[in-house]
Amino acid sequence: MTRHPEVAAVTAWVRDATMAPSMHNAQPWRFRYASAVGTLDLRMDTARYMPETDPTTRGMHISCGAALFNLRVAAAHAGWAADVRLLPDPADAELLATAVFAESDGLGATAGLYPAITRRRSSRHPFTDEAIPDAVLDRLQGAARSEGAGMAVLSEWQVDAVLDVVKEAEEDESLSPAVRREIARWTGGGAEVSEGIPDYAFGPARHDGRAPVRDFAMGRPVPGRESAVFEQSPRLVVLGTSDDRPQDWLLAGQALERLLLQATLDGLSTSLNSQAIERAELRWLLRDPVSPSLTAFPQMLLRLGYGPPVPPTPRRAVSDVLEIEQPSQPG
Ligand SMILES: Cc1cc2nc3c(=O)[nH]c(=O)nc-3n(C[C@H](O)[C@H](O)[C@H](O)COP(=O)(O)O)c2cc1C
């Protein structure tokens, strides 16, 4: 008889899955484990929909894709290979993936990323001027590619162009009361809140420099917040896919998390920016003109570098996001 993973094991993997980054730390995922048949479903939590900053649910798919990747890593680390089907039911768009598991003996490259799951953070702090070795960037490109996505390292002149685009997106955002209201819903709580971006994760206010760091304070004074000089020449990369359907967004999320975990193991700090990508008219300007097929559809702008350690952000309890379907008792 085929053995299925124990409920306790799946619960631990789901806890690791929830360590993934998500837009505004909304954690838009719900898991359901049918323990009798060993099937784990991942659904999009539409109660966390953001009509202003994520109208197409692209960000929700990317966030759930990142959580799915962590789940694959955690299962692999425990000796189980996940067989994942993306969007298995065309009539149910909110069912993003189903996974079944088979015992495997190999602790492969995916399992080796496990220690980075709880160490990875988004950093909104300045990074040093230290160059990132080419070998490290090559590894990150390989990480994106192995999940079916592309990563383009932007040249200095491309960085200038992208920073202009992000600035335009920032200005649009600051002028839209609806966007500001939506972001305010997900920011400003403390460590005691289990979702959203707490004040302490905003990083310092930008006193100078050109790093594309979204300022979640949106002009609100935050007690004790310092200001700092950010990089003049930030190291930016774009993660992209060759198409732009929900399955590509899920793939981008998995590639994003693979890249972030690898970067974490390589000692890099990472920071995400989707401001320009959220605006359809600006998103296309992030395409890499040198190798456009790699990033035909830009899915995320990342800033990489060496920076100070930052504390983790909160997560919802695993019991809030995982439902267990127990086998019915005979008689
Ligand atoms: C689709 C998506 C879009 C994001 N956009 C931004 C962004 O524009 N600016 C930013 O600072 N962080 C962005 N983030 C990072 C989240 O804010 C971050 O993952 C979340 O607050 C949890 O914090 P952590 O990554 O440190 O665990 C994004 C993450 C995802 C998955």
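**Figure 1. Helix H1 passes helix H2 in a right-handed crossing.** In this predicted model, helix H1 (residues 7-17) packs against H2 at an angle of about 135°, and the two axes lie 7 Å apart. H1 and H2 are therefore oblique to each other, since the angle falls neither over 145 degrees nor within 65 to 115. On the H1 side, the contact is made by Ala-12, Trp-13, Val-14, Asp-16 and Ala-17. H2 contributes Ala-67, Leu-68, Asn-70, Leu-71, Ala-74 and Ala-75.

**Figure 2. Helix H2 (residues 58-77) and the glycine that follows.** H2 has 20 residues, and at 1.5 Å a residue it should span 28 Å; the C-alpha atoms at its ends are 29 Å apart, which agrees with that expectation. The helix is mostly covered, with 20 of its 20 residues buried. Just after H2, Gly-79 adopts a positive phi of about 90°.

**Figure 3. An open sheet of 5 strands with mixed pairing.** The strands are arranged in the order S3-S4-S2-S1-S11. Strand S3 (80-86) and strand S11 (322-325) stand at the edges; each has a single partner strand, so one side of each is left without a neighbour in the sheet. From one strand to the next, the twist averages 20°. Within this sheet, strand S1 (residues 29-34) and strand S2 (residues 39-44) pair in the antiparallel sense over 6 bridges. Trp-29 has Met-44 of S2 as its bridge partner. In general, the strands of a sheet pair through backbone hydrogen bonds, in either a parallel or an antiparallel sense.

**Figure 4. The surroundings of Val-84 in strand S3.** Val-84 is buried, because 20 other C-beta atoms lie within 10 Å and a count of 20 or more meets the cut-off for burial. When residues up to four places away in sequence are not counted, Val-84 touches Leu-68, Arg-72, Ala-97 and Ala-99. One of these residues, Leu-68, also belongs to the part of H2 that contacts H1. Thr-39 is 45 residues from Val-84 in sequence, and their C-alpha atoms are 10.0 Å apart.

**Figure 5. Strand S8 (residues 235-241), covered on both faces.** S8 is mostly covered: 7 of its 7 residues are buried. One side carries the buried residues Arg-235, Val-237, Leu-239 and Thr-241. The other carries Leu-236, Val-238 and Gly-240, which are likewise buried. Strand S5 (residues 150-153) runs antiparallel to S8 and is joined to it by 4 bridges. In this pairing, Gly-150 stands opposite Gly-240 of S8. S8 is also joined to strand S10 (residues 297-305), by 7 bridges and again in the antiparallel sense. Here the bridge partner of Thr-241 is Phe-297 of S10.

**Figure 6. Val-222 in the loop between strand S6 (205-208) and strand S7 (227-229).** Val-222 counts as partly exposed because it has 15 C-beta neighbours inside 10 Å, a number between the limits of 12 or fewer for exposed and 20 or more for buried residues. Leaving aside neighbours within four places in sequence, Val-222 is in contact with Asp-199, Phe-202 and Ala-217. Of these contacts, Phe-202 is 20 residues away in sequence, at a C-alpha to C-alpha distance of 9.3 Å from Val-222.

Definitions and conventions:
Residues numbered from 1 in each chain as written. Predicted model: local features only at pLDDT ≥ 70, side-chain atom pairs only at ≥ 80, totals over all residues. Pairing = 2+ DSSP bridges. Helix = DSSP H or I, 4+ residues; strand = E, 2+ residues; numbered from the N terminus. Axes fitted to C-alpha atoms, helices over the stretch in contact; angles between N-to-C directions. Expected span 1.5 Å × (residues − 1). Parallel < 35°, antiparallel > 145°, perpendicular 65-115°, else oblique. Left-handed = near helix turned anticlockwise from the far one by under 90°. Contact = placed C-beta atoms within 7 Å.
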